[in-house]
Amino acid sequence: MRSFQQRLSEFDSRGIRVVGISVDPPKINQRQSQNLGYTFPLLSDPKAEVIRRYDVLHPGAGPKGADIARPAEFLVDGSGVVRWVNLTDSIAVRARPGQVLNAFDEFKAAGR
Amino acid sequence: MNAGPKRSWNWSLWFGFLFVLVGFISYAFLFVHFPVTRDSPWANLLLFGAGAILLIVGLARAFGNPRAYRGKIFGPILGVVGALMVALFCYAFFYAARQVPASTGAPRVGQKAPEFTLYDKENKPVSLTDLLSGSKAVVLIFYRGFW
């Protein structure tokens with residue numbers, strides 16, 4: 001997410017909002033935003049309800065066997081339709097901001 | 001006391017081990033922060049490779065020319081510990097990190113993204129509808145968390 005923060009102005013200029021979602025409570029999100037200088041919102045899903053709704057749960061992968069989110073990125077357009085999805089097969093490999101910006105530019109160019 | 005010639009400390013063993021050690025710990029502390037070195041651990045593998053060459057050179061010296069070089073005892077120890085670190089790294093990166101659920105039920109391109117309301121860091125509710133209002137798109141980044 002560091003790389004998304006670095007290129008946040010490119011998302012802003014296109015009218016794209018960036019949000020992070022995890023099981024971390026708001027208190028941790030507050031601390032992390034401050035420590036890492038994140039200016040986009042980090043949303044808290046402590047019971048992993050939304051994470052389950054999106055089927056991106058990684059059961060037992062957290063501390064003490066807690067359920068957490070697997071890394072995943074979705075680009076949702078203004079009408080709420082998913083336009084691009086990235087479901088990594090390694091927790092070390094995440095989407096890069098350029099991929100998302102390209103996906104956005106492509107569906108905009110297609111006039112949809 | 002020792003009547004033989006003074007034996008060299010066999011630095012290539014120690015430097016080889018140091019390279020492997022740095023390769024082992026640098027991923028979590030340094031390379032993970034940059035996508036170029038995070039997605040593929042080439043920098044760590046380079047360090048492992050350089051370390052392995054130095055360790056092999058050092059071991060060859062220790063056993064091939066024990067009168068000039070030290071290391072017949074600590075050489076194999078450093079070599080085994082180094083090999084274990086490389087094995088553990090490869091296990092973690094190439095196997096353990098890939099044990100990710102398939103998420104076959106995740107929303108697909110063209111489907112409506114499920115609505116949600118979650119709390120931001122100030123404990124204020126934020127819904128997907130809120131995020132979409134007045135914006136062209138929203139990127140949802142699900143992440144493992146910092147705990």
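How well does chain A agree with a compact globule in its radius of gyration? In this predicted model, a compact globule of 112 residues would have a value near 13 Å, and chain A comes in at 15 Å, so the two agree. Along the principal axes, the C-alpha atoms of chain A take up a box of roughly 45 × 30 × 25 Å.

Chain B is another story. For its 147 residues, a compact globule would have a radius of gyration near 15 Å, but chain B has 25 Å. The box around its C-alpha atoms, again along the principal axes, is roughly 85 × 35 × 25 Å.

Here are some chain-level values in one place.

| Chain | Helices and strands | Buried residues | Contacts (separation of 6 or more) from residues 24 or more positions apart |
|---|---|---|---|
| Chain A | 5 helices, 6 strands | 38% of 112 residues | 34% |
| Chain B | 5 helices, 3 strands | 29% of 147 residues | 58% |

**Order of the elements**

Walk along the sequence of chain A and you meet α-α-β-α-β-α-β-β-β-β-α. Two helices thus open the pattern of chain A, and a helix ends it. Chain B, read from the N terminus, goes α-α-α-α-β-β-α-β. That puts four helices ahead of any strand in chain B, with a strand as the final element.

**Where the chains meet**

How many residues does each chain bring to the contact? Chain A supplies 63 residues and chain B supplies 43 residues. On the side of chain A that touches chain B, the largest share comes from strand 1 (residues 16-22) of chain A, with 7 residues. What kinds of residue make up that side of chain A? The split is 35 nonpolar, 15 polar and 13 charged.

Strand 1 of chain A does something else worth a look in the viewer: this strand pairs with strand 3 (residues 137-142) of chain B. The pairing is in the parallel sense and runs over 6 bridges. If you want a spot to start from, find A:Ile16, which stands opposite B:Ala137 in strand 3 of chain B.

So much for the separate pieces; here is how they fit together. Strand 1 of chain A gives the largest share of its chain's side of the contact, and strand 1 is also paired across the chains with strand 3 of chain B. That strand 3 is the final β in the order of chain B.

Note on methods. Residues numbered from 1 in each chain as written. Chains lettered and ligands numbered in written order. Predicted model: local features only at pLDDT ≥ 70, side-chain atom pairs only at ≥ 80, totals over all residues. Rg over C-alpha atoms; globule rule 2.2 N^0.38 Å. Buried ≥ 20, exposed ≤ 12 C-beta atoms within 10 Å, placed from the backbone. Contact = placed C-beta atoms within 7 Å. Nonpolar A, V, L, I, M, F, W, Y, C, P; charged D, E, K, R; others polar. Pairing = 2+ DSSP bridges.
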